[in-house]
Amino acid sequence: MKGLLKKLNETKIFKGLNENEFAWVLYDVGNSAFTMLSVSLIPIWFKSLAIGSNPGQISSDAATGMWALGTSIVTIIVALIGPVCGALADQKDRKKLFFSTAVFIGISGCIINGFATSWVLFLVIFIVVKIAYSASLTFYDSMLNDVTTEERMDEVSSYGYAWGYIGSCIPFTVALISYVCGPDMLNLIPASIAKFIAFTVTALWWLIVTLPLIKTYKQRNYVETKRNSIASVFKQIFSTVKKIFVSNKKVLLFLIAFFLYIDGVGTIIDNCINIGTDLGLNTVGQVVFLLLTQVVACIGSLVFAKLSKKYDTVTLILACIVGYFCVCLYALTLKQLWQFGVMAFGVGCFQGSIQSLSRSYYSKIIPAENSGEYFGIYDIFSKGASFLGSAVIAGVKFAGGTINLAVGLLTVFFALGFIFLKLADKQPKTIN
């Protein structure tokens, strides 16, 4: 395994990354496998368990509502525990422990999820896994300050998203084949076997490519003061939040900008299948285009990684925002499957880049020793995003409007995000 990773690190696509950067990038490759599964096949399997007339089963509408409730619970819990866990992880030699624990819970739960035969148990286990997965990302993002230099943050962060998109396709292909062989399509294997294969392969992939980071990571930035009680941790968090609102306008304005434009990004990602379904487009065709989008997103992230050597981070983020603005305008004309493909291509061009560059830019403007705590706050804005955009889509649909108009209205979020990011860029950097 070690020899294989060394050979990968020496290949042209990874050349230039040191051992710590390479190990950090690999975790994006690992966790993206679960991301892909959770937005595609997991909801399908949940509904297959939940919907029916047998005792304990529910209607399709109720199943949709329970799934939405489950994802909302994840969002709330992650928002509440993110800053606390981040602040605790900022203590010396704590970050690896917290990260490893979250990863272990997530991977173990992912395997167990494949055995669940009750929709209630399936949903509960998924919630636990998604919370652990989200917590691991908070610690992972805050590691960027430890594994590379400020000058290389844009490039390294972009590599993470780029290879995460491609890496997720490998275990997902196995999961998709197992689904196709299941009772919903070819009926060659039982649903229980199909689920077991998908969840287990995803979990093992997640584990294997995470091990290098667990082995090599060293926490270089940390706080000197020991916080021995939860009360002291909350006191620190409130102090930090107050500091952001009162004296660190750069961070505050960026978080507002980030919340607005990432709300638009998240809404499009979360509703991509709903958009095509509303337009009556072929479902298989949509899935194929979404898989191709992963490849486009990888290429887009790599292109922006190279551009980061010539242009400053804010300029590149602004370019991504303009790109998404144009995608939303194009959605007003969306009618046919090939147009859906064009829109998916446009999303792919900027999807990974806007997220990776936002992560690296935030890393540059926060105190490195408090990165866990600050990324806990960042996670609130990230995980809390998309609810406004989803509310817009719901409002337009309830009012009798088209999905085209609903997506077109997301341009407001990108326009406001553009303005606030420009304002943030004008503020001086304040590290205190």
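Here is a quick tour of this protein, from its overall build down to a few individual residues.

The model is a predicted one. It shows an all-round helical picture, with 20 helices and zero strands. The radius of gyration is 21 Å, close to the 22 Å that the globule rule gives for 432 residues, so the protein is as compact as a globular protein of that length.

**Overall build**

- Along its principal axes, the C-alpha trace spans about 60 × 50 × 45 Å.
- Of the 432 residues in the protein, 53% are buried.
- Take the contacts with a sequence separation of 6 or more: 81% of them are between residues 24 or more positions apart.

**Surface and charge**

- The accessible surface adds up to about 18,600 Å², and carbon and sulfur atoms hold 69% of it.
- On the charge side, you have 34 positive and 23 negative side chains.
- The centres of those two sets of charges sit 3 Å apart.

**The nonpolar cores**

- The largest nonpolar core has 64 residues, and the ones touching the most other members are Trp 24 and Leu 213.
- Helix α6 (residues 119-142) supplies the largest share of this core, with 13 residues.
- There is also a second, separate core of 51 residues, and Phe 254, Val 314, Tyr 361 and Leu 421 are among its members.
- Back to Trp 24: setting aside neighbours within four places in sequence, its contacts include Leu 213 as well as Tyr 140, Met 143, Leu 144 and Val 147.
- The rest of that Trp 24 contact list is Val 156, Ser 157 and Arg 359.

**Asn 145, a buried polar residue**

- Asn 145 is part of helix α7, which covers residues 144-147.
- Its relative accessibility is 8%, and since buried means under 20%, Asn 145 counts as buried.
- Beyond its neighbours within four places in sequence, Asn 145 is in contact with Met 153, Arg 220 and Asn 221, and also with Ser 363, Ile 366, Ala 368 and Ser 371.

**Two loop residues with positive phi**

- As background, most residues other than glycine have a negative phi.
- Asp 93 goes the other way: its phi is positive, near 60 degrees, and it isn't a glycine.
- You'll find Asp 93 in the loop between α4 (60-89) and α5 (95-113).
- With 55% relative accessibility, Asp 93 counts as exposed, because the cut-off is over 50%.
- Asn 187 is another non-glycine with a positive phi, at about 60 degrees.
- The loop holding Asn 187 runs between α8 (153-180) and α9 (191-208).
- Asn 187 has a relative accessible area of 53%, so it is exposed too.

**Thr 430, in the tail segment**

- Thr 430 belongs to the segment after α20 (411-426).
- Is Thr 430 buried, exposed or partly exposed? Its relative accessible area is 21%, so Thr 430 is partly exposed, a call that rests on buried being under 20% and exposed over 50%.
- Leaving out neighbours within four places in sequence, Thr 430 is in contact with Ser 247, Asn 248 and Ile 365.
- Measure C-alpha to C-alpha in the model and Thr 430 is 50 Å from Phe 115, with the two being 315 residues apart in sequence.

Notes:
Residues are numbered from 1 along each chain as its sequence is written. This is a predicted model: local features need pLDDT of at least 70, side-chain atom pairs count only at pLDDT 80 or more; totals for chains, interfaces and linings use all residues. Side-chain values use heavy atoms; hydrogens and water are left out. Helices (H or I, at least four residues) and strands (E, at least two) are DSSP runs, numbered from the N terminus. The radius of gyration is taken over C-alpha atoms; the globule rule is 2.2 Å times the number of residues to the power 0.38. Buried means under 20% relative accessible area, exposed over 50%, partly exposed in between (1.4 Å probe, protein chains only). Contact means heavy atoms within 4.5 Å. Accessible areas come from the Shrake-Rupley method with a 1.4 Å probe; for residues, only the protein chains shown count as cover. Lys and Arg count as positive and Asp and Glu as negative; His and the chain ends are not counted. The place of a charge is taken as NZ of Lys, CZ of Arg, CG of Asp or CD of Glu. A nonpolar core is a set of buried Ala, Val, Leu, Ile, Met, Phe, Trp, Tyr and Cys residues joined through side-chain atoms within 4.5 Å.
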